[in-house]
Amino acid sequence: MKIVVGHLYPDYLNIYADRGNIAVLARRAAWRGHELEVHTVSVGDPVEPGAHDLLYVGGGQDREQALVAEDLVAKSDGVRAAVDGGAALLAVCGGYQLMGRSYRDFHGGDLPGIGLFPLETVAGETRMIGDVLLECELEPGVVRTLAGFENHAGRTRLDAGAEALGRVVAGFGNDGDSGFEGCRVGRAVGTYLHGPLLPRNPWFADWVLAQALAHRLGEAPVLDPLGDELEQQAHAVSALRARSRGGKR
Amino acid sequence: MPLPLAAEIALARTAGRLSRLAGAGGGTTVPGKLLWKVDPGAVDRLAARLPLGSALISATNGKTTTAAMAAEILSGRARLAHNNSGANLVSGVASTLLDARGAELGLFEVDEAALPEVAARLRPRAVCLGNLFRDQLDRYGELEHVAEGWRAAVRALPAGAALVLNGDDPQVGELARDRPGAVVFGVDDPSCARPSLQHAADSKYCVRCGTPYDYAAAYVGHLGDYRCPNCGHARPPLSVVARNIRLHGLDAVAFRLETPDGVRDVRLGVPGLYNVYNALAAASLAGALGASLDEVATGLGRFTAAFGRFERIAVGERRLLMLLIKNPAGANEAVRTIVDGGVPSLAVIALNDAIADGRDVSWIWDVDFEPLLAGLGRLIATGDRAAELALRFKYAGMPSGAIEVIPALERALDRGLELTPEGDELILLPTYTAMLALRKIVGERGFVRPYWERAA
């Protein structure tokens, strides 16, 4: 089956190897007989409702983020309509911030966001940099870990009642003190974790693929397991790093 | 009461010797760190004693090689204080100054982030700025932050200081705007241009208005001949130029060096277009320091290699060819250089994640390793993050069975040598701390001298 991905601003928001995430989705789809078709959605391009099974947005440096901010506002109805229509979404780091209501930079300037996630981000004086380990329960009773790297000045506050992606085991997370990381609204997930995120967290890559397929099939399919020994090894080292040196200022 | 400078110097030198005696490596920054603690201002006074002053070289990529090339050119003119083992923070500069008895001219490669402070302390007579690429974001922060530090450092330079800039880098070339006397160098040979900007190109949006640049030619990363179609910001006029570039695989690169003083044909004993940039930087800086064009051409022709950047080491009946990789732009050039010499069937790639390597290893996904896949039959992934590196190649399409994950560097090296036929060369691509460790391993087997014994 064809899985259509809309990659938002790949030429601007690509600072933490976002193409690694796309490569993992493409291969893991192909190994199951599916085909990932990636379309660039850049400045001036509309987000057509129903056109994408998955929207992906990565992170950029402040300068690049400011360059796309205005265009992003013009896309907000399209992105929200796509997700309301059942498309999956993965937003990483800067892309995660921009999917919230607003981002206030260190000088007090406000960048408006898309308003998909119920959260606001305010830049702090220091960056929160290091390895991170999360515990996630995306399906009730199934607890799994995500390992990654974070590097952000933004402190992200979720609205009361909002669902986080996971609980911080080691690292800073959304704001360094709430103990939560990321945000989830149905099939849409935002997170600060890069590394990139998906190669060393294959279960989550498959979860994202299944959510994208759910847009086509009506429900998320069970994907055939793959031999993930290298992925598990990479996950284990990354998790160990987070436990030993994550969240230190 | 502060200690007299002479007493501080004696104390700090003793510490360096003790560090070496204790087997703690080169001890290259120990004396400087100590001096730094005792009296930060001592660095300024030590530098002020150099009769010919100091020259600083900074860049994300190529600063060690550029400094080594400049040293080769200038060594006949003056006795140098040169931090040739890569200790390029304030403490490393201080250690070099402590060690360099009788030196006349300071020649220092300086960490990009440390440049503002080193420039403020040393009051250099010349500064050479090569390029800015994304590099170790966990350590340096965003590119824009480093660029802002450079702009401030340039504004604060003494009025008489010479400024040498790479005009092919939009961020760096823009520094010439307020320094009309700046020496601007660049490449002008569209036959060497890349068909398109690389994935990891950084400064591809106009530094003045944010519009994507049009490139008449892109040479290395975002370095090239750029023009903004909106506001017209363009590469500044070049005063030192490389034309008619001829790449000779892994052995050499030749080019025509054009300067206001004349033209010379130069043949470098190191490969790659990126080394043409290093040579242009070294030639421009040496010229600004008074070297003649003949000295420049002779010095560049004599140059062989800088510590760990591109080294051939004979190990019995085989050779190691070691190319340092540390960020996407630099690694892309290492890959391109290797591929120009013929894609190897085997490579050992070492990924560590210590502070000096960058704790965030995501950068390997921005490197275009793909050209290697055409002929690479076996990859030995090693280092602390060997599995992560293996994933990079697995998801690029390399069969899992062709990848061996051997985190221990020494075992990986031996496995690579075992698979290398007699008389052949084994390609090693290590990150910084992996490079140091691998050199130490082959050094302990008697094949390469420790770097602190090589100091000029």
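Let's start with a strand pairing: in this predicted model, β1 (residues 54–58) and β4 (residues 126–129) of chain B run parallel and share four bridges. If you want a spot to click on, Ser58(B) sits opposite Leu129(B) of β4(B).

β1(B) has another partner, too. Strand β3 of chain B, residues 105–109, also pairs with β1(B) in the parallel sense, again over four bridges. There, Leu56(B) has Phe108(B) as its bridge partner.

Now, is β1(B) buried or exposed? Five of its five residues are buried, so to speak a strand that is mostly covered. As a reminder, side chains in a regular strand alternate between the two faces of the sheet. Here both faces are covered: Ser54(B), Leu56(B) and Ser58(B) are buried on one side, and Ala55(B) and Ile57(B) are buried on the other.

Let's move on to a helix, α11 of chain B, residues 293–302. Its buried residues are Val296(B), Ala297(B), Gly299(B) and Leu300(B). Looking down the axis of α11(B), you'll find those buried residues within an arc of 165°, so they line one face of the helix. That fits the general picture, in which an α-helix has 3.6 residues a turn, so residues three or four places apart point the same way. And what covers the buried residues of α11(B)? The cover includes α4 (63–74), β10 (252–259), β11 (262–268) and α10 (273–288), all from chain B.

Zooming out, chain B is split into domain 1, covering 40–302, and domain 2, covering 310–453. Their C-alpha centres are 27 Å apart. Where they meet, 22 residues of domain 1 of chain B are in contact with 20 residues of domain 2 of chain B. On the domain 1 side, helix α7 of chain B (residues 137–140) gives the most, with three residues. By class, that side of domain 1 has nine nonpolar, nine polar and four charged residues.

Last stop, the contact between the chains. How many residues does each chain bring? Chain A gives 26 residues and chain B gives 24 residues. On the chain A side, the elements that give two or more residues are α1 (18–30), α2 (62–84), β7 (119–139), β8 (142–158) and α5 (229–245) of chain A. Sorted by class, the side of chain A that touches chain B holds 13 nonpolar, six polar and seven charged residues.

That's my tour, folks. Thanks for listening!

Notes: Residues are numbered from 1 along each chain as its sequence is written. Chains are lettered from A and ligands numbered from 1 in the order in which they are written. This is a predicted model: local features need pLDDT of at least 70, side-chain atom pairs count only at pLDDT 80 or more; totals for chains, interfaces and linings use all residues. Two residues are in contact if their C-beta atoms, placed from the backbone, lie within 7 Å. Ala, Val, Leu, Ile, Met, Phe, Trp, Tyr, Cys and Pro count as nonpolar, Asp, Glu, Lys and Arg as charged, and the others, Gly among them, as polar. Domain bounds come from an automatic or database domain assignment. A residue is buried if 20 or more other C-beta atoms lie within 10 Å of its own, exposed if 12 or fewer, and partly exposed in between; C-beta atoms are placed from the backbone. Two strands pair if DSSP finds at least two bridges between them. The arc is that of the directions from the helix axis to the C-beta atoms.
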